Amino acid sequence: MSKYETVIGLEVHAQLKTNSKMFCGCANHFGDAPNTNICPVCTGQPGVLPVINKKAIELAIKTALALNCRINKSSIFARKQYFYPDLPKDFQISQFDLPLAEHGKITIEVNDVKKEIGITRIHLEEDAGKLVHVGAARIMGSDYSLADYNRAATPLMEIVSEPDLRTPEGAKAYMEALAHILEYIDVCDAKMEEGSLRCDANISIRLHGAPKFGTKTEVKNMNSFKAVMKALSAEEKRHREVVEEGGTIIQETRFYDDETETTSGMRSKEHSHDYRYFPEPDLVPIEPEQAWIEEIRKTLGELPEAREKKFVGEYGIAPETSKILISDKNMSDYFEETIKHYDKPKIAANWIVGDITAFLKEAKLSIKELSFTPENLANLLKLIDGGKLSSSMAKTVLIEALKTGKTVEDIIKEQGLSQISDESELQKIAQDIINNNPKQVEQFKTGKEAVLMFFVGQIMKATKGRANPDTVQKILKDELSK
Ligand SMILES: [Zn+2]
């Protein structure tokens with residue numbers, strides 16, 4: 001064990017799934033032509049007045065409830081002043097004192113150990129625009145930069161954790177747990193790779209048992225859950241090395257480079273007084289009524305933790321399988337829908353996590369895009385149970401159905417795949433083979449039971465693999481002991 005303890009706190013920005021922007025009616029839509037979703041309000045023209053998007057407040061309250069936060073009776077917006085070309089107003093409307101919600105918690109799991117991580121606060125703010133640096137990844141070294149304000153003033157929710165995390169693995173687990181919740185309650189797409197979920201991490205180290213935190217640095221630019229872990233591992237290592245060599249950690253913001261897996265200094269860390277926050281004079285306080293909060297609570301649905309408990313406890317699914325199902329809301333929905341039509345949850349789960357997931361990975365599809373419905377899967381599994389298909393035939397049929405979108409019935413017909421379970425038909429075939437192989441019959445009768453597999457093989461060959469192997473074995477034993 002290292003003599004140092006690492007302390008990590010995360011600030012997560014989640015883009016909210018609203019139709020319009022935070023303070024105007026412009027579309028909140030990703031991927032449109034640059035500067036098409038803008039108006040005088042979101043580009044900060046003089047004399048305009050912002051109006052709060054009620055849906056954004058609703059989604060933030062929903063998140064606050066899911067994360068067990070206390071929702072403040074009154075919260076206010078503030079202006080955070082700074083100049084940057086992606087911020088046309090020269091200030092960002094955010095919340096500072098009196099955020100929307102505070103004092104929540106979330107459960108994470110690392111190496112089968114569960115831990116509760118505190119949520120300090122959840123507040124609302126507006127996003128900045130996007131700069132495209134031509135000729136380089138960052139503004140440094142680029143030929144010129146272009147500004148797209150479509151994203152300017154779109155609703156952003158900031159979720160700040162307590163400094164409760166102790167390892168880079170824990171930080172990754174926290175991000176994943178948070179992403180699942182946001183996805184489950186349908187407030188955010190929660191995809192780090194696409195930027196709808198972004199994270200800044202504060203990290204410091206101290207000797208075990210030391211009363212005070214060490215000097216922290218802030219790490220930015222982590223574009224995947226894995227990158228969060230790698231960036232913090234690199235920064236943790238750097239802190240230890242600096243301290244071991246007798247150096248001092250400087251409070252600063254550092255940029256993570258995924259290629260070199262190292263961090264480098266960007267700028268000295270601003271303090272909140274640098275932003276000269278003051279209350280936004282054009283917006284009224286948010287004062288949600290209790291009845292509205294209760295209405296929102298009803299829309300929460302089942303959260304991932306509860307669902308996982310049900311999958312393992314009630315359905316008897318292996319914890320590892322359950323984790324894979326839960327990791328994708330659409331996949332766990334697909335599973336729940338399947339078992340409405342098929343009452344063996346373990347079997348259904350294994351097919352979804354096994355063959356279907358393998359196909360999706362290969363085809364780079366999400367389960368939502370499949371034309372093969374949960375009901376189709378239930379029917380296929382029933383055909384196996386009814387002896388109409390062997391499980392290897394069912395795999396063939398499944399892959400063909402997934403690829404082509406054809407029905408199970410059509411594929412079975414086309415490929416002549418139905419399994420022969422009919423005893424009289426199989427008995428006839430078995431009898432022929434027994435008659436044609438007297439030598440092997442003799443061997444069986446003198447006690448060489450392994451020869452049974454020879455007969456099974458012959459029958460499978462004669463039926464092109466369509467014979468039900470269990471029925472075949474039973475018939476052979478009967479016939480050969482006559
Ligand atoms: Zn606008």
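Tyr 84 is partly exposed, with 33% as its relative accessible area. This residue belongs to a predicted model, and it serves here as the point of entry. Along the chain, Tyr 84 sits in the loop that runs between strand S3 (78–81) and strand S4 (91–94). On the surface, Tyr 84 joins Ile 139 and Met 140 in a nonpolar patch, and the three together have about 320 Å² of accessible area.

From the surface, the description turns to enclosed space. Rolling a probe the size of a water molecule over the atoms shows where empty space is left. In this structure there is one cavity of 30 Å³ or more. The largest cavity holds about 50 Å³ of space. Its lining is made up of Cys 42, Leu 87, Pro 88, Lys 89, Glu 126, Asp 127, Ala 128, Ala 152 and Ala 153. Of the residues in the lining of the largest cavity, six are nonpolar and three are charged, while no polar residue takes part.

Open space is found as well. The second largest pocket contains about 1000 Å³ of space. A total of 27 residues line this pocket, and those nearest its centre are Glu 183, Lys 191, Ser 327, Asp 328 and Lys 329. Helix H2 (168–184), helix H7 (329–341) and helix H8 (345–363) are the elements that each supply two or more residues to the lining of the second largest pocket. Among the contributors, H2 gives the most, with four residues. By class, the lining of the second largest pocket comprises 13 charged, nine nonpolar and five polar residues.

Charged residues also lead to the next topic, the salt bridges. Side chains of opposite charge can pair when their charged atoms come close. The structure holds 35 salt bridges. In one of them, the side chains of Lys 17 and Asp 186 meet at 2.5 Å, N to O. Lys 17 lies in the loop between strand S1 (4–15) and helix H1 (54–66), and Asp 186 lies in the loop between H2 and strand S10 (197–207); the pair therefore ties together parts that are 169 residues apart in sequence. Lys 17 is partly exposed, at a relative accessible area of 38%, and Asp 186 likewise counts as partly exposed, at 43%.

A further salt bridge joins Arg 307 to Glu 336, with the closest N and O atoms 3.0 Å apart. Arg 307 belongs to helix H5 (residues 304–313) and Glu 336 to helix H7, so that distant parts of the chain, 29 residues apart, are linked by the pair. Arg 307 counts as buried because its relative accessibility is 8%, which is under the 20% cut-off. Glu 336 is also buried, with a relative accessible area of 13%. Both residues belong to a network of salt bridges that links Glu 302, Arg 307, Lys 310, Lys 329, Asp 333 and Glu 336. Lys 329 connects two parts of this account, as it is also one of the residues nearest the centre of the second largest pocket.

The last pair to be described is Lys 474 and Glu 423, whose side chains meet in a salt bridge of 3.3 Å, N to O. Lys 474 is located in helix H15 (residues 469–480) and Glu 423 in helix H12 (residues 423–436), so this pair ties together parts that are 51 residues apart in sequence. Lys 474 is partly exposed, with a relative accessible area of 43%, and Glu 423 counts as partly exposed at 39% relative accessibility.

How values were computed
Residues numbered from 1 in each chain as written. Predicted model: local features only at pLDDT ≥ 70, side-chain atom pairs only at ≥ 80, totals over all residues. Heavy atoms only, no water. 1 Å grid on protein atoms, 1.4 Å probe; cavity = no way out; pocket = protein on both sides within 12 Å on 5 of 7 lines; lining within 4 Å. Points joined across faces, edges and corners; volume = space filled by probe spheres on them. Nonpolar A, V, L, I, M, F, W, Y, C, P; charged D, E, K, R; others polar. Patch = residues over 30% accessible without salt bridge, like charges linked within 9 Å, V, L, I, M, F, W, Y side chains within 5 Å. Areas by Shrake-Rupley, 256 points an atom, 1.4 Å probe, with all protein chains shown as cover. Salt bridge = Lys/Arg side-chain N within 4 Å of Asp/Glu carboxyl O. Buried < 20%, exposed > 50% of the residue type's maximum accessible area, 1.4 Å probe, protein only.
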